[in-house]
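I sat down with this one to look up two things: how the chains meet, and where the pockets are. Notes below, in the order I checked them.

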Amino acid sequence: MRELLNVIGLGVDFSLGSQTLFGGRRKLVALDELSLTVGEGECVGVVGESGSGKSTLGACILGLVDPTRGAIRFDGRDVTRLRRDRNPDVAKAIQIVFQDPSGSLDPRLPVWQSVAESFEIHASLRRSERRDAAAALMRSVGLGEDMLDRFPHALSGGQRQRVAIARALATKPRLIVLDEPTSALDMTVQAQVLDLLLDIQERTRVSYLLITHDMAVAGHLCHRIAVMRSGRIEESGDARKIVTEPETPYARALVNATPRLGA
Amino acid sequence: MSAALLQIEDLRVRVGQSRRQFEAVRGITLRVETGEIAGLIGESGSGKSLTAAAVLGLLPQGAGLTGRILFEGADLHASLRSGTVRLGRDIGFVPQEPMSALNPTLRVGHQLTMPLRYHERLSRRDAMARACAMLERMQVADARRVLAAYPFELSGGLRQRALLANAFLMKPKLIIADEPTTALDVTVQSEVLTLLKNNARELNTAVLFITHNMGVVWHLCDTVNVMQAGVIVEHGRSRDVLSNPQNAYTQTLRASLPEQAGYRQRIGAA
C-alpha cells in the first residue's frame, strides 16, 4: 500500500502564560514525538480521551496549528508549515468533517450553497453548474433534490452530517480528517453514517484519519488504530488486535471501560 | 400485585402551544421496585427525559400530563404538594450536565449542605461532616478541597461525583439519573457508573436510569424499558432483552452498535 500521509516526530507546545508576574512562561506539550502513517484508501483511527492531543494532531494535518517540532509529509511533499491559502492544491486534497454539524454549517445559507462553497474558490463554475454539482454530491451521500434549498436548522442531525460529508467531498480530497463524526448522533443514525463513510471509501479510495474517543466506532471503521495519551501514541496496530487484545495497560483500560453487551 | 416503589400508569405528556400540541409520551406504564436499577433506553425524541421530568414534577410550563404516577402506592404529585414526599430527601436526581446543574457562584460545600440544613435542620458543621463523608463514599480523595471549591475548579469527573454524593446525601429511596455520564470520558464514565451501582446496592436505593447506551444498561441495570416515539416497545430483565430482543426496534438498536458490525480487513496487504 502506498503511503499518503506521513507524520514524523511531531511536537506541539502551547504557551500558557506565566503563573506569577515575574515567573517564566509555562508551556503545555500537546503533542510529543508523534509519528503515524496513513496509506491510500486506508482508515486509521486515533483514539484517546479528552486532552490526549488527538484533535491537535488533526489541526496540524489541516494546517490550522503550526507544529513546534517534526514534519508532516503528504503524498511525498513536505506540508509541515505550508500555508494552505497559498497552496490550494493541498487545501483541496485534505478536508475535514467536524463533530457538530450544526456548528460547522453556515446557518444563513441553504445547504447546497454550503456544499458548493468550495467551487467558488477552487473552480470557475456558473451558479447553475455549481448547484448541479452540489446536487450530485448530495445524491452521493443519500440526500435528495428536495434537501438542496433547506437551511441547516430544518435538517436532522444525521442529515446535517451527510451535508458536512458532501461538503468535504466537493474538492475530491485524498484524505479526510473525521473529528468525532458520529458522537453527536443517535445510535441508529450513527450506524447509517458509518455505513456511508465505508461506502464512500470503497467508491473513491479516499483515506480517513478518524479522531474519536469511541473504541467501538474505531474498531468498526478503521484498519489500524493508534491509542493516544498525553500527546504520545501509547500503542498502535491492527484495529481488531487493539480492540480485542490490547497490550499496554492504558489501551486495555480504555477498551475495558467501553460499555459493551456481554462483556 | 403489590405496590411498586414507583409505578407509572398510562402516562401521557403533551408539549407545545395549545394550537400545535404534540403528545410526546403516549401512554407508558412502568414499575421500579425497591432497590431495583431500572433502565429507560431510547433515542433522542423518544420521550425518555420527559418521562423523568414528569416524575420529578419538572415538566416545562404548558405541558399537559395525564395518567398516574404512584410513589409507594400514593399519588406522587399530591404527596409532593403536601410535603410527605420531598425531592432531594425521598427522591434524588443526577442530571446530565454536571456543569450547568451546579450553581457556578456557590462553593460545592454550600450546595451539598443546603438540603441537609433545610430538611434535617443540621448545623453547618454537622452538614459539612455528612457531605464530606458522602464525598468520600464516592471515592473523592480530597473531599475537603472539593467542598471548598467552586464548580469550575473541578474536573468533569469530580463534578459528577459531587452530584452523585448530592443525590445519595439524604439516602433517598429512589434516584432518577438522566444520562449522567454522556459528557464524560469512557474511563471516568465507568468509574462513575460503578460508584452509582455500588452505592445503590449498599443503601438499597432504587434507580431509574435514563440513557441511550445499551452497553451501560447491560452493565448497570436489572431491568430495562425500551422507548420509541413515546411508547415502551419492550421491557424485561435487561440481559434477556439485550441479548435476545423480541421487538423489531430493539433489534435495530442492537444491530446499530458498532461492535456488532465486525472489523475491517487490512487493505492492500502491504
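Before counting anything polar, I pinned down the term: a polar contact is a pair of N or O atoms within 3.5 Å, and within protein one must be able to donate a hydrogen and the other to accept it. Also noted for myself that this is a predicted model.

**Interface, chain A and chain B**

With that rule I get nine residue pairs in polar contact across the interface, both residues at pLDDT 80 or more. I looked for salt bridges there too and found zero. On the side of chain A that touches chain B, I count 18 nonpolar, eleven polar and seven charged residues.

Next I checked the extent: 36 residues of chain A contact 33 residues of chain B. The buried area comes to about 3,100 Å², with 59% from carbon and sulfur atoms. In chain A, Met187(A), Pro259(A) and Leu261(A) lose the most area to chain B, together 25% of what that side buries.

**Largest pocket**

I get a volume of about 1,100 Å³ here. Of its 47 lining residues, Ser183(A), His213(A), Asp214(A), Thr182(B) and His212(B) are the closest to the centre. Helix 8 of chain B (residues 186–202) gives the most to this lining, with three residues. I sorted the lining into 17 nonpolar, 20 polar and ten charged residues.

**Second largest pocket**

This one has about 490 Å³. I find 20 lining residues, with Ile94(A), Gln95(A), Ile96(A), Phe98(A) and Arg167(A) nearest the centre. Helix 4 of chain A gives the largest share of the lining, five residues. By class I have ten nonpolar, seven polar and three charged.

Technical notes. Residues are numbered from 1 along each chain as its sequence is written. Chains are lettered from A and ligands numbered from 1 in the order in which they are written. This is a predicted model: local features need pLDDT of at least 70, side-chain atom pairs count only at pLDDT 80 or more; totals for chains, interfaces and linings use all residues. Side-chain values use heavy atoms; hydrogens and water are left out. Contact means heavy atoms within 4.5 Å. Buried area is the accessible area (1.4 Å probe) that two parts lose on being put together, summed over both. A salt bridge is a side-chain nitrogen of Lys or Arg within 4 Å of a carboxyl oxygen of Asp or Glu. A polar contact is a pair of N or O atoms within 3.5 Å; within protein, one must be able to donate a hydrogen and the other to accept it, and residues adjacent in sequence count only if both atoms are side-chain atoms. Ala, Val, Leu, Ile, Met, Phe, Trp, Tyr, Cys and Pro count as nonpolar, Asp, Glu, Lys and Arg as charged, and the others, Gly among them, as polar. On a 1 Å grid over the protein atoms alone, a cavity is a set of points where a 1.4 Å probe fits but cannot get out, and a pocket is an open set with protein on both sides within 12 Å along at least five of seven lines; lining residues have an atom within 4 Å of a point. Grid points are joined across faces, edges and corners, and a volume is the space filled by probe spheres set on the points. Helices (H or I, at least four residues) and strands (E, at least two) are DSSP runs, numbered from the N terminus.
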